[in-house]
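Grab a pencil and your viewer: here are some short exercises, each with a worked solution. Try each task before you read on.

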Amino acid sequence: MPVLAMCYDFDKTLTPDDMQAQGFIQSVGYNEDEIKQFWQESNQLAKDHDMDNNLAYMYKMIQEAVGRFYVTKDKLMEYGNQVSLYNGVRTWFERIRQYGLNHGVQIEHYIISSGLKEMIEGTDMAKEGAFTKIYASAFMFDDKGVAVWPAQAINYTNKTQFLFRIQKGILDINDFGVNDYIKPEDQRVPFRNMIYIGDSDTDIPCMSLVNANDGHSIGVYDPELNNKEKVYKMMQHHRIRYYAPADYTDGSELDTLVKRIIDKTAAYEILERTYVADKHEAERR
């Protein structure tokens with residue numbers, strides 16, 4: 001059974017806002033009108049110290065919590081469980097997986113996000129095992145469970161390495177086998193069998209990589225705001241192949257689009273298996 005890897009950004013792709021802005025930032029003293037100020041201060045910190053923006057926001061989260069509470073994995077998972085989701089997201093992953101199985105395609109869901117792994121792990125979907133792997137920024141915790149150092153910082157450029165890991169089936173981030181050459185016919189998930197769903201400029205490297213290798217990049221936008229400027233730009237610049245509202249309900253535009261891609265994958269992979277078999281037979285002559 002061929003594998004189709006569905007890869008998602010998280011913030012503003014599966015949820016309408018940044019995950020940190022849905023409880024955590026408020027809990028360290030910023031009111032609703034000051035959330036932008038948190039990000040401005042974080043970005044200025046990165047600029048002042050020639051620092052990665054993701055490392056800056058992780059540092060600021062810990063510093064702002066001092067004297068209020070300890071930043072622990074359990075605490076971050078609690079905040080993650082409070083994150084609101086776009087319509088249909090809660091049941092999307094299992095519905096699509098079942099559709100794939102019914103059509104002869106194994107669906108695997110992956111998160112590739114600059115957000116926090118611990119918060120994503122706090123969502124009901126993650127707890128139920130919806131994701132084959134979550135690649136996201138993460139903290140290292142001491143023996144008391146308190147965050148003390150960044151374990152992983154994922155930004156828009158290094159996101160692409162995880163697509164190569166998925167392609168080759170080498171999912172461990174410390175496995176250097178990702179650099180090994182694997183024949184196209186032996187790749188576990190060729191790029192043509194990848195869907196990348198994202199919403200903004202930070203997804204462009206991944207979208208471009210998938211799109212340029214016959215995969216399927218989909219730009220999504222908030223269905224309530226209905227602002228298509230970002231997806232128009234990504235389409236004009238050949239970053240994405242399709243766009244749709246971030247509505248994950250059964251029968252939605254996005255749902256229908258993804259199911260058509262699954263149907264195409266099922267049909268194409270039958271032909272690809274025939275081609276590979278003929279190729280190997282000819283090589284043995």
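**Exercise 1.** Work out in what order the strands form the open sheet, and which are the edge strands.

*Solution.* Start with the order: seven strands form an open sheet, β4-β3-β2-β1-β5-β6-β7, with mixed pairing. Strands here are DSSP runs of E of at least two residues, helices are runs of H or I of at least four, and both are numbered from the N terminus. Two strands pair if DSSP finds at least two bridges between them. Next, the edges: β4 (147–152) and β7 (242–245) each pair on one side only.

A word on the model: it's predicted, so local features need pLDDT of at least 70 and side-chain atom pairs 80 or more, while totals for chains, interfaces and linings use all residues. Numbering runs from 1 along each chain as its sequence is written, and side-chain values use heavy atoms, without hydrogens and water.

**Exercise 2.** Find how many bridges join β1 to β5, and which residue stands opposite Ala5.

*Solution.* Strands β1 (residues 3–8) and β5 (residues 194–198) run parallel, joined by four bridges. Then look across from Ala5: you'll meet Met194 in β5.

**Exercise 3.** Count the helices and strands, then judge how compact the protein is.

*Solution.* There are eleven helices and seven strands. The radius of gyration (over C-alpha atoms) is 20 Å. The globule rule (2.2 Å times the number of residues to the power 0.38) gives 19 Å for 285 residues, which is close, so the protein is as compact as a globular protein of that length. Finally, 48% of the 285 residues count as buried (under 20% relative accessible area, 1.4 Å probe, protein chains only).

Notes: Buried means under 20% relative accessible area, exposed over 50%, partly exposed in between (1.4 Å probe, protein chains only).
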